[in-house]
Amino acid sequence: MKNKFLSFILAICLVLPALLMTACGGSEHEHSYTDGICSSCGAIEGVVINYDSDTQTYVVMDGKQATLTNIVIPSSYNDGKNGEHPVASIFEGAFFESTGLVSITLPDSVKSIGSHAFGNCRALQTVNLGNGLNKICQFAFGGSTLLSSITIPSSVNVIEDGAFSSCEGLNSITLPNAVTVVNANMFNGCTSLQTVVLGNSVTKIYGWAFRGCEDLTTINIPSTVDTIGQYAFSTCTSLASLTIPASVTTIGFFAFADAQLQTIYYQGTEAQWDSIEKGKFGKVHQDYEDDIALSSQTIINYAN
């Protein structure tokens with residue numbers, strides 16, 4: 001009896017690993033990687049992709065241990081347990097502070113990029129976003145200092161606070177028409193940013209949005225904008241002139257501090273300009289004409 005029991009236990013020990021390590025299926029995977037990609041299921045070595053049963057999609061959870069420097073996220077995935085479904089999102093912090101990531105390509109199936117997903121990726125140079133993307137969450141690319149250009153697809157309608165803050169290599173940006181708000185700190189500290197094209201649906205430019213964009217020379221403010229937030233263009237030292245539409249009703253405290261604006265082209269009358277709510281604290285600095293921090297040397301040209 002004792003020998004039969006030992007034989008049974010031995011048989012279980014031999015069979016169990018095979019059950020648990022079914023290639024690309026079961027409760028554990030035995031991937032076969034070639035150049036960082038699993039030849040059986042397309043998994044990326046070092047990138048964790050999990051199934052979300054609520055949405056019946058896959059989520060890229062963690063890529064900080066990826067062996068590849070140039071990563072292409074697949075449009076669909078099959079973990080061997082839940083079937084094949086779209087890869088629909090990048091989880092918050094998924095690649096945060098990744099030291100090896102140089103380029104990332106997202107498929108059209110990805111709808112959202114989580115907060116800090118590619119934050120502080122200081123080797124990241126190239127980002128290709130899919131045409132199905134809707135949302136870029138807060139600080140998604142913040143601190144990725146080598147990122148020099150990025151094309152935001154027309155499908156994007158929300159870009160949250162600080163999404164591109166301190167992207168010091170970024171030199172130009174165009175926001176799609178579906179984006180209605182330039183959120184706080186969105187481009188704060190983008191010291192190489194020279195040209196900004198805002199979509200024609202933008203209604204508000206919130207505080208610190210372009211603060212510290214020292215090379216900024218060209219930006220359009222659409223006639224849909226009613227608010228320019230506090231410190232929005234502060235320390236934009238290369239911004240010599242700015243056209244402000246008559247639609248603007250509020251300009252926040254110190255909006256132009258140290259921007260060294262020479263000329264403002266206001267598309268309304270002088271009376272309309274005077275009626276704009278400017279700041280909240282009155283004149284507080286002797287070097288500024290008013291509390292939105294225009295220099296006394298700034299010339300304002302009115303349309304009428």
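Strand β13 (172–174) runs parallel to strand β15 (residues 195–197), and three bridges join the two; strands here are DSSP runs of E with at least two residues, helices are runs of H or I with at least four residues, and both are numbered from the N terminus. Two strands are said to pair if DSSP finds at least two bridges between them. Within this pair, T174 stands opposite V197 in β15. Strands of a sheet pair through backbone hydrogen bonds, either parallel or antiparallel. The sheet here is open, with three strands in the order β13-β15-β17 and parallel pairing. Because β13 and β17 (218–219) stand at the edges with a single partner strand each, one side of each is left without a neighbour in the sheet.

This is a predicted model, in which local features need pLDDT of at least 70 and side-chain atom pairs count only at pLDDT 80 or more, while totals for chains, interfaces and linings use all residues. Residues are numbered from 1 along each chain as its sequence is written, and side-chain values use heavy atoms, with hydrogens and water left out.

Looking at the whole chain, one finds two helices and 23 strands. Of its 304 residues, 44% are buried, a word that means under 20% relative accessible area, whereas exposed means over 50% and partly exposed lies in between (1.4 Å probe, protein chains only).

The largest nonpolar core has 77 residues, and the members that touch the most others are F118, F141, F164, F187, F210, F233 and F256; such a core is a set of buried Ala, Val, Leu, Ile, Met, Phe, Trp, Tyr and Cys residues joined through side-chain atoms within 4.5 Å. Strands β4 (57–62), β7 (84–90), β19 (241–244) and β21 (263–266) each supply at least two residues of this core. Leaving aside residues up to four places away in sequence, F210 touches a group of residues that includes F187, L198, I219 and F233.

The structure holds zero disulfides, a disulfide being a pair of cysteine sulfur atoms within 2.5 Å. For C190, the nearest cysteine sulfur is that of C213, 5.2 Å away, and C190 itself is buried, with a relative accessible area of 0%.

Two loop residues deserve a look at their backbone angles. Most residues other than glycine have a negative phi. H116, however, has a positive phi of about 60°; H116 lies in the loop between β9 (112–113) and β10 (126–128) and is partly exposed at 33% relative accessibility. Y231 also has a positive phi, near 60°, and is found in the loop between β18 (227–228) and β19, where Y231 is partly exposed with a relative accessible area of 21%.

Note on methods: Contact means heavy atoms within 4.5 Å.
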